[in-house]
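Please examine the sequence and the three-dimensional structure shown here. The explanation after it moves from the whole chain to individual parts.

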Amino acid sequence: MSTANVSEYKRIVKSNSVRRQALQSLNVIADMLHTSETPQRALGEAETIIQALMGKASVDSGSFTHISQILTGYVDELEKRLAGDQETMGLTTSMPTIDEYLDGGIQPGSLVVMGGRAGSGKTSMMLSLIKGFAREMKTRSALAFSMEMSNLQLAKRYVSSHTGASYNRMVHELQNDPDETMWTKIFKLVGDDQNLPIYVADSSRMSVEQVCADVRQHARDNRVGLIAIDYLGLMDMPSADRHDLGIAKVTRALKLLAMELSCVVLLLSQVNRGVEKRDNKRPI
């Protein structure tokens, strides 16, 4: 059998396999639409299944790349990064103490989990990172999913983080600001940041399927650079035998989304309060 015949036979086998999987998936999707709590969740899960099938249909699984090509590609990327090519540069946080530990920034396709105890400033940190990323990205969107705070609460946190105003006593500070120094800071912040590509969705309950569906819808018209989620513990967990297996499903879906859109996913997580009982407070 010639090489051409082998390749054609392989293509036919793969095509038939994907077709069978697609037909089986259609039955699964139909069942989900009948049994799911909401149509949005079922459609989100359906989109994830379809995206996975599309990946199988387009990627020639089992093909190998010689190490020389891989190494040559890496050398080319290094040269481009040294020359300042923005397409190959990772996202920097605009925080020197963090950026010095990152080799060229956080690379697209990465899932970054940021953990902290309750009240340790995770949301404020997330907002600072979003602003830093958005300033750098310019043509790519930064999407934030807030499951703990409403849009107005998040705006209050944003203003507090970037003006130095007290989060709990902001109105009091404005009332006792005869020179209107704080108002000047707030108006400057609004003016400086009004054109940054930052978009926020607030919802008290969201599944990873809904997050992925919303992001893909936005990505149809806008290139996505960052997805920030506040936070893991408030997401609707998929059905699984154990809680840790449910978390594994969520993180896997988000990692695949990051790779699919070539963006960074920043996932916040609340560390167990048991850490406060130990002498060493560093999470383990």
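The paragraphs below discuss the chain as a whole, then one helix and its surroundings, and then several individual residues.

The structure is a predicted model. The protein chain contains 10 helices and 5 strands. Of its 284 residues, 34% are buried. Among the contacts in the protein chain with a separation of 6 or more, 73% are between residues 24 or more positions apart.

Helix H6, residues 151-163, is a suitable place to begin a closer study. With 13 residues and 1.5 Å a residue, H6 should span 18 Å; its end C-alpha atoms are 18 Å apart, so the expected span and the model agree. The buried residues of this helix are Leu154, Tyr158, Val159, Ser160 and Thr163. In an α-helix there are 3.6 residues a turn, so residues three or four places apart point the same way. What covers the buried residues of H6? Several elements take part, including helix H5 (122-137), strand S2 (141-146), helix H7 (170-175), helix H8 (181-193) and strand S3 (198-202). Just after H6 comes glycine 164, which has a positive phi of about 85°.

The packing of H5 against H6 can be described in further detail. Two packed helices are described by the angle between their axes and the distance between the axes. For H5 and H6, the angle is about 75° and the axes are 10 Å apart. Angles of 65 to 115 degrees count as roughly perpendicular, and H5 and H6 are therefore roughly perpendicular to each other. On the H5 side, the residues in contact are Thr123, Ser124, Leu127, Ser128 and Lys131, and they meet Leu154, Arg157, Tyr158, Ser161 and His162 in H6. Sorted by class, this contact has 3 nonpolar, 5 polar and 2 charged residues. Leu154 and Tyr158 thus appear twice in this account: they are among the buried residues of H6, and they are among the residues of H6 that H5 meets.

The backbone also deserves attention at two other places. Most residues other than glycine have a negative phi, and most peptide bonds are trans. The peptide bond from aspartate 230 to tyrosine 231, however, is cis, with omega near 0°. Tyrosine 231 is located in the loop between strand S4 (224-230) and helix H10 (243-261). Serine 262 has a positive phi, near 55°, although it is not a glycine. This serine belongs to the loop between H10 and strand S5 (264-270). Serine 262 counts as partly exposed because its relative accessibility is 37%.

The loop between S4 and H10 also holds aspartate 236. Is aspartate 236 buried or exposed? Its relative accessible area is 16%, and buried means under 20%, so aspartate 236 is buried. Leaving aside residues up to four places away in sequence, aspartate 236 touches Arg41, Arg205, Met206, Ser207 and Val208.

The last topic is the cysteines. A disulfide is a covalent bond between the sulfur atoms of two cysteines. When pairs of cysteine sulfur atoms within 2.5 Å are sought, the count comes to 0 disulfides. Cysteine 212 is in no disulfide, and the nearest cysteine sulfur, that of cysteine 263, is 9.9 Å away. Why does cysteine 263 not form a bond with cysteine 212? The closest cysteine sulfur to that of cysteine 263 is in cysteine 212, and a distance of 9.9 Å is too far for a bond. Cysteine 212 is buried, with a relative accessible area of 2%, and cysteine 263 counts as buried at 0% relative accessibility.

Technical notes. Residues numbered from 1 in each chain as written. Predicted model: local features only at pLDDT ≥ 70, side-chain atom pairs only at ≥ 80, totals over all residues. Heavy atoms only, no water. Helix = DSSP H or I, 4+ residues; strand = E, 2+ residues; numbered from the N terminus. Expected span 1.5 Å × (residues − 1). Buried < 20%, exposed > 50% of the residue type's maximum accessible area, 1.4 Å probe, protein only. Contact = heavy atoms within 4.5 Å. Axes fitted to C-alpha atoms, helices over the stretch in contact; angles between N-to-C directions. Parallel < 35°, antiparallel > 145°, perpendicular 65-115°, else oblique. Nonpolar A, V, L, I, M, F, W, Y, C, P; charged D, E, K, R; others polar.
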